[in-house]
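The following exercises concern pockets, salt bridges, backbone angles and surface patches. Each task is followed by a solution in steps.

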Amino acid sequence: MEFHGKKAIFLQIADLLSDGILDGKWKAAERIPSVRELAGSIEVNPNTVMRAYSFLQDQEVIENKRGIGYFVLPKAIQKIVKLKKEEFLLEEIPQLQKTMKLLDISFDELKILLDKHN
């Protein structure tokens, strides 16, 4: 996994897991990789993965079944969509607006481009 400097690594790992859940790689009530398994596969410190898992637990996306592992919670998809939507609206949209203003791109031009990609 390649990490970029904009976001903490543990949050990028949380995004990786969240995207996997949204894509159907892990479904509700399914076990996700253990901390050590994931750390080894993406070549990061297990403590960093543990921070990502703790974050996802706090967001009610996954749960730890003691001695068994981490599992996707039933409402994980709804929680992830809500989190990602908030992040998009608070972080991505302001940057998009700034770039559009700098490049003199109108909303009409943007809509035409978006319609082409649908």
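**Exercise 1. Locate Glu-60 and describe its backbone and exposure.**

Step 1. Glu-60 sits in the loop between helix 3 and strand 1 (62-65); helices (H or I, at least four residues) and strands (E, at least two) are DSSP runs, numbered from the N terminus. The model is predicted: local features need pLDDT of at least 70, side-chain atom pairs count only at pLDDT 80 or more, and totals for chains, interfaces and linings use all residues. Residues are numbered from 1 along each chain as its sequence is written, and side-chain values use heavy atoms, with hydrogens and water left out.

Step 2. Although Glu-60 is not a glycine, its phi is positive, at about 60°. Most residues other than glycine have a negative phi.

Step 3. Glu-60 has 44% relative accessibility and therefore counts as partly exposed (buried means under 20% relative accessible area, exposed over 50%, partly exposed in between; 1.4 Å probe, protein chains only).

**Exercise 2. Give the phi, place and exposure class of Glu-43.**

Step 1. Glu-43, also not a glycine, has a positive phi of about 60°.

Step 2. The loop between helix 2 (35-42) and helix 3 holds Glu-43.

Step 3. Because its relative accessibility is 73%, Glu-43 counts as exposed.

**Exercise 3. Describe the salt bridge of Lys-84 and the network to which Lys-84 belongs.**

Step 1. A salt bridge requires a side-chain nitrogen of Lys or Arg within 4 Å of a carboxyl oxygen of Asp or Glu. By this rule the count is eight salt bridges.

Step 2. Between Lys-84 and Asp-19 the closest N and O atoms are 3.1 Å apart. This pair links distant parts of the chain, with Lys-84 in helix 4 and Asp-19 in helix 1, 65 residues apart.

Step 3. Both partners are partly exposed: Lys-84 at 26% relative accessibility and Asp-19 at 34%.

Step 4. A network of salt bridges links Lys-7, Asp-15, Asp-19, Lys-84 and Glu-87.

**Exercise 4. Explain why Lys-111 and Asp-115 are separated by about one helical turn.**

Step 1. Their side chains meet in a salt bridge, 2.9 Å from N to O.

Step 2. Lys-111 and Asp-115 are four residues apart in helix 5 (residues 107-116), so about one helical turn separates them.

**Exercise 5. Characterise the lining of the largest pocket and of the second largest pocket.**

Step 1. On a 1 Å grid over the protein atoms alone, a pocket is an open set of points where a 1.4 Å probe fits, with protein on both sides within 12 Å along at least five of seven lines; lining residues have an atom within 4 Å of a point.

Step 2. The largest pocket is lined by His-4, Lys-6, Lys-7, Asp-15, Glu-87, Glu-91, Glu-92 and Gln-95. Helix 4 gives the largest share of this lining, four residues.

Step 3. Among the residues lining the second largest pocket are Lys-7, Leu-11, Asp-15, Phe-55, Ile-80, Lys-84 and Glu-87. The elements that give two or more residues to this lining are helix 1 (9-22), helix 3 (46-58) and helix 4. Here too helix 4 supplies the largest share, five residues.
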